[in-house]
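Me: I am new to this structure and would like to get to know one small part of it well. Please choose a single spot and walk me through it closely, starting with the whole and then zooming in.

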Amino acid sequence: MKRFAALILTLAIVLTMLALPPALADDYATAMVKGGWLRLRDGASQSANTISAYFTGTTVTILGGSGEWYHVLTPDGKTGYMHADYLTITGSITGGQLSENTAAVVMSANGKPVRLRSGPSVNYSIIASYKVGTPLTVLTTGDTWSKIRINGRTGYMMNEFIQLSQGNDTVAGGYTAYVVSGNGKTVVLRSGPSKQYEALASYKVGQKVTVLSYGSTWCKVRINGLDGYMMSEFLSTVKPDTSTGGVSTYTAYVTSQNGKGVRMRMGASKLFPTIATYAVGTKVTVLEYNQDWCKIRIGSNTGYMMTEFLTTRQPNMVASVSINATAVQPGDTLRAAVSPEGASVNISWINDRGVTIGWGESYVIQETDVGRRIRASVTGSGSTSGTAVSAWATVSGSYVSRVYQLRGVTISDTTPTVGQTLTATLSPAGATATISWFRDNGVFVGSGSSYTVKSSDAGYKLYAWADGTGSTSGEATSPHTAQVTQQVAAPIVLQSVTISDTTPNVGDTLTVTLTPRNATASITWRSSAGHILGYGDSYTVAADDAGSSIYVYANGSGSTSGSVVSSLTSAVQQKVQTQLRVESVKLSDTTPVVGQTLYVTLNPQNASATYTWLRDDDKILSTTSYYTVRAEDLGHTLYVWAEGANGTFGSATSQISAPVAAN
């Protein structure tokens, strides 16, 4: 009965909203989800049923309030209740409506005008452009775009070009959060929203930050006056417990791909002196973690080691290596077998003179090995440490000496052009040599059996010099080529331009094809009503284009001359879209084991959705359509939440798996 009454109340509120005049739609307060993801419930209580859930940055419309709860409308048309602690209000509220709208001004780092568009995307048409400092009113705000009003015009502008009149840095965000980290390590603040950007500083768990703008992967934040970017997964509006003293130490092990020892230095840079070098597998205590360097302790020594040479997984140890034969002849193949099987190692083949003669799991005996002894030497790499050597194999047989005298070298083309690849041929066949390429002024330009002519070689003659190696003795110089010339490109004349779809609908993206295909041109999109719609190789049909035909004007550029006009499309139609709703989502296996990869199946199959993998403690594990079960999931249950995207509405939660078992 209680749920039925709540349903009637919700329906009444929705009907009331639908009855509101369009002019009042801008007057409702909006708020933004923060703190990870937030449940929408059918009542103002933690015990109320969950309708759906929304990620940080989702903008909802506030319809009213009830104590610590707001009654809200979500972007996909659902109504329900969200807790006030997890909403950032983006406008002042009086009785559920805005008493006044938020004032702001246009801003731009390069001082250029900013475009107002008809919708929240660069694919929407441009309404007008406004100078920096132009006053505006923010009506509603989202993660990237805000709906605004300037001089009586209403449209959308990117948040990065909006500055609040009160001096705030951005429209979206402006809430308090804290640094969190599942392993207790410090989190890096970077100069831009990517790991490729410079690391500005590192902060411990519990550090208070101000989120200036939110993104699903990166947030722009301010920490003690320093602005930068931090990954969203390391931020939470719930303050973590740091009573244990913040970041804890943990045990790691030295690792290296080539199996060589790794240096501990006095500071976090290769410029600092080396304290000591430690073998792969050495146990260390990590005192402070950073993206590039960690502060560590090994025995009585404390210093810094590069993070890439540390692993929390204890390395395996090489036990032994054996070979398949102890007496061989030229042409036989020696093979090495390492214990334990599957260990990650580097294998080299060494003769009794200490010379390395080969690499890899096998070695083919050469005639030059006759009379020598050969064995395999193994060094651990990656997660394997230690070394081992095999028994000796004795090589018997007869040695046949082949000696060549280098007689000449020729070039494949004596009239080269820029961009052409030349090859050198040695005489006699079978001879070996190192080959160097020169200009006729004596400047060295390359080495190897081939050389690609550069534009800087134009006007010079080229030649090759060969110096015998191995069983080849002597040297030789090729004849000079003719002077290098620039390639003369054939003139290109634009013949035609066509549009990819001649029966367009609103929302379709049209592209152009030029003839000939190697032609280049500047493209202008026009409507039969006489308007310029856009520029470039593609155009997304706007609602304003309905009823008009579209054509393209192409004007040759670069080495292309001429201009052409495409045929008119048919009149643009409004696209009738079939709305899909997420019905259910299933796991590929409900009895997972560590190391297994789980997949999701969405119903209906042609629906589109974003996925969130969660553990029974509500920990978010991944946002992909698959998930590989980890050791830390052992004993926990797993499930997936799917939220409609790209025209699909609704959400669903999968069945809960059995507790994860060991493999």
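Reply: **From the whole chain to one buried serine**

The protein chain has an accessible surface of about 34,700 Å² (Shrake-Rupley method, 1.4 Å probe), and carbon and sulfur atoms account for 49% of that surface. Please keep in mind that this is a predicted model, where local features need pLDDT of at least 70 and side-chain atom pairs pLDDT 80 or more, while totals for chains, interfaces and linings use all residues. Residues are numbered from 1 along each chain as its sequence is written, and side-chain values use heavy atoms, without hydrogens or water.

The chain holds 1 helix and 66 strands (DSSP runs of at least four residues, H or I, for helices and at least two, E, for strands, numbered from the N terminus). Of its 663 residues, 40% are buried (under 20% relative accessible area, with over 50% called exposed and partly exposed in between; 1.4 Å probe, protein chains only). Among contacts (heavy atoms within 4.5 Å) between residues at least 6 apart in sequence, 56% link residues at least 24 apart.

Now let us zoom in on Ser390. Ser390 sits in the loop between β38 (387-389) and β39 (393-395). With a relative accessibility of 5%, Ser390 counts as buried.

What does Ser390 touch, leaving aside its neighbours within four places in sequence? Its contacts are Val321, Ser322 and Ile323, together with Arg375 and Ala376. With Ala376 there is also a polar link: the Ser390 side chain comes to 2.9 Å from the backbone nitrogen of Ala376. A polar contact is a pair of N or O atoms within 3.5 Å; within protein, one must be able to donate a hydrogen and the other to accept it, and sequence neighbours count only if both atoms are side-chain atoms.

Val321, Ser322 and Ile323 lead us to β30 (320-323), an edge strand of a sheet. This open sheet has 3 strands, ordered β30-β32-β35, with antiparallel pairing (strands pair when DSSP finds at least two bridges between them). Both β30 and β35 (362-364) have a single partner strand, so each has one side without a neighbour in the sheet. On average, neighbouring strands here are turned by 20° against each other, direction ignored (axes are lines fitted to C-alpha atoms).

β32 (residues 333-339) is joined to β35 by 3 bridges, and Thr333 has Val364 in β35 as its bridge partner. Ala336 brings us back to our serine: the C-alpha atoms of Ser390 and Ala336 are 8.2 Å apart, although 54 residues separate them along the chain.

Note on methods: Axes fitted to C-alpha atoms, helices over the stretch in contact; angles between N-to-C directions.
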